[in-house]
Each structure stands twice: as structure tokens, then as C-alpha cells.
Amino acid sequence: MRPQRTSIYAVTSWVRRQPPKVKAFLAVVSGMAALVLLRFIVHDHDNLFVAAEAVHSLGISVLIYKLMKEKTCAGLSLKSQELTAIFLAVRLYCSFVMEYDIHTILDFATFITTLWVIYMIRFKLKASYMEEKDNFAIYYVVVPCAVLALLIHPSTSHHLLNRISWAFCVYLEAVSVLPQLRVMQNTKIVEPFTAHYVFALGVARFLSCAHWVLQVLDSRGHLLVALGYGLWPSMVLISEIVQTFILADFCYYYVKSVFGGQLVLRLPSGVV
């Protein structure tokens, strides 16, 4: 086990010494390699979306365990949870009026647990809430997402309000984790349960992104046409990619920390 850790440490040290452009290139190559691997391993790519939902649920379960066992919400962003509740509420509305399926039930369960987490942070565990660290202004993401949804939204036959709402929840989901990353940036130290939760979000969003990319490749671009015309199909794909890359840097340090045997994750300055 020790030689394996030594090899991993040597690789991570080499990567850390590379300039930003090389790191970005390595990240793109790694992502492409993972997509190719998933394309051959997973025959029904819809399963990737189900897997993303399952991993997200696992992350929330870890969060609930932290709140119930440790009786503290230190290191958690209330604003990220509120943004998550907002986009889930909008997506649930759109699901009921546009297309009701199994994902609606999964979203409803996630929405209820997110409300419970918000309640615990706001009332039961308020004393341990790090409000001064959770200083990301959410209107910096809500307002731009709303404006973007007004300008770029699906071109389907549904009511205009429903189409704008759907676009809003897609855009907001892509950036909802930013306040949580700001909290971790401010504290520099991330305790295990919070790190597990954020890593689960990163994995879930990568699987969701892989689902969309592989679906587009399998349909030879016809899926983008089915989503409508104009910029909307491209924005859906871009939103999936953006929310994956937002968490990519953190996931790298998480994996490095786990293989290094560190229980507490320490983030260098400028990671987020």
C-alpha cells in the first residue's frame, strides 16, 4: 500500500508543479478519457443520469448524518442549500406542468431533505453556523441566471413562463455550489463529512454531464435539435460542463487527500 501512495504522491506533486495551462490540458484529457471509458462500460447511457441522482442522494445522506451525529453545521453554506432549494422548487414546478416522470419523485425527495438541512442550519444548529464565512452574495448568481433565462430558453410548445422557468433552474443548478466553495475557500480547512458531501456533488455532476455528452454523441447531434433551435441546446450542454469544472479542482485535492491518508482536507490558496 505504501508504494502505491508513494507513486500517487509523485504524480500529484508533478501535476502541482505544472503551469495552469498544462493543468487545464491534463484536466480536459482526463475528462475525455473518462467519457470514453464510460461509453464502453455503460451501454444504456440513461443509467448515468440515474447514477448521478443516486450519488447526489448519497451526498445528502452524508450531510444528514453529519448534522444528526455531530450536531454542528460548521463548514456548510446555508446559501448553497437555499440556492439548491430554489432550483429544485422551480424544477419540480416545471416537471409537474411539462413532463412528470421518475426524476420528479427523486427531485421531490431531494427537495424535502434540502429543506430539512436548511431548517437545521437556521434554527437547530444556528450557533455553529459560520455566517461570517458564508459571505457569497446569492444575487450575484440569481439575477444573472434570471436574465439569461429570459434571453435564452427552450423553443418548445409549452407556455413561455414554463420555458423561462426551466431555463432558470438549469442555469441556477450549474452555479448553486459556488457559496459552498466560498466557505471552504475562506476556512481553508474542510472537515471529512463536508468534503465527502461536496465530492459526491462533483461526481454526480460529472455523471450528469457525461450522460448529456454521450447522448449527444450517440444521436450524432440530433438530441440538440430535439431540444429546440437557437442557443438553448448549446446552453444546456455548456451548463452541464460548467458545473462539472467548477468542482473539478476541489475533487482533485479531495482524491489526493484521501490517498494521502489525511482525514482533514486542507485547500491551498486560490483553489476555488
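## Close-up views: salt bridges and nonpolar cores

**View 1. K66 pairs with E191 in a salt bridge.** The model is predicted. The closest N and O atoms of K66 and E191 are 2.9 Å apart. The two residues come from distant parts of the chain, 125 residues apart. K66 sits in helix α3, residues 46-69. E191 sits in the loop between β1 (189-190) and α9 (192-218). K66 has 1% relative accessibility, so K66 counts as buried.

**View 2. A salt-bridge network takes in K66, E70 and E191.** The pair from the previous view belongs here, joined by E70. How many salt bridges does the count give? The count comes to five.

**View 3. D107 and R91 form a salt bridge.** Their closest N and O atoms lie 3.0 Å apart. This pair also links distant parts of the chain, with the two positions 16 residues apart in numbering. D107 belongs to helix α5, residues 102-124. R91 belongs to helix α4, residues 78-97. Are these two residues buried or exposed? D107 counts as buried because its relative accessibility is 4%, under the 20% cut-off. R91, at 15%, is under that cut-off too and therefore counts as buried.

**View 4. R91 also meets E173 in a salt bridge.** The N to O distance is 3.0 Å. R91 lies in helix α4 and E173 in helix α7 (residues 160-175), so the salt bridge ties together parts that are 82 residues apart in sequence. Both partners are buried. R91 thus has a salt bridge to D107 and another to E173.

**View 5. The largest nonpolar core holds 50 residues.** Which members touch the most other members? They are Y171 and W232. Several elements give two or more residues to this core: α3, α4, α5, α6 (139-151), α7, α8 (178-187), α9 and α11 (232-259). Helix α7 gives the most, with nine residues. Helix α7 also carries E173, the salt-bridge partner of R91. In soluble globular proteins, nonpolar side chains tend to be buried together.

**View 6. Another core lies apart from the largest one.** This core has eight residues. Among them are A52, A200, A204 and L214.

Terms used. Residues are numbered from 1 along each chain as its sequence is written. This is a predicted model: local features need pLDDT of at least 70, side-chain atom pairs count only at pLDDT 80 or more; totals for chains, interfaces and linings use all residues. Side-chain values use heavy atoms; hydrogens and water are left out. A salt bridge is a side-chain nitrogen of Lys or Arg within 4 Å of a carboxyl oxygen of Asp or Glu. Helices (H or I, at least four residues) and strands (E, at least two) are DSSP runs, numbered from the N terminus. Buried means under 20% relative accessible area, exposed over 50%, partly exposed in between (1.4 Å probe, protein chains only). A nonpolar core is a set of buried Ala, Val, Leu, Ile, Met, Phe, Trp, Tyr and Cys residues joined through side-chain atoms within 4.5 Å.
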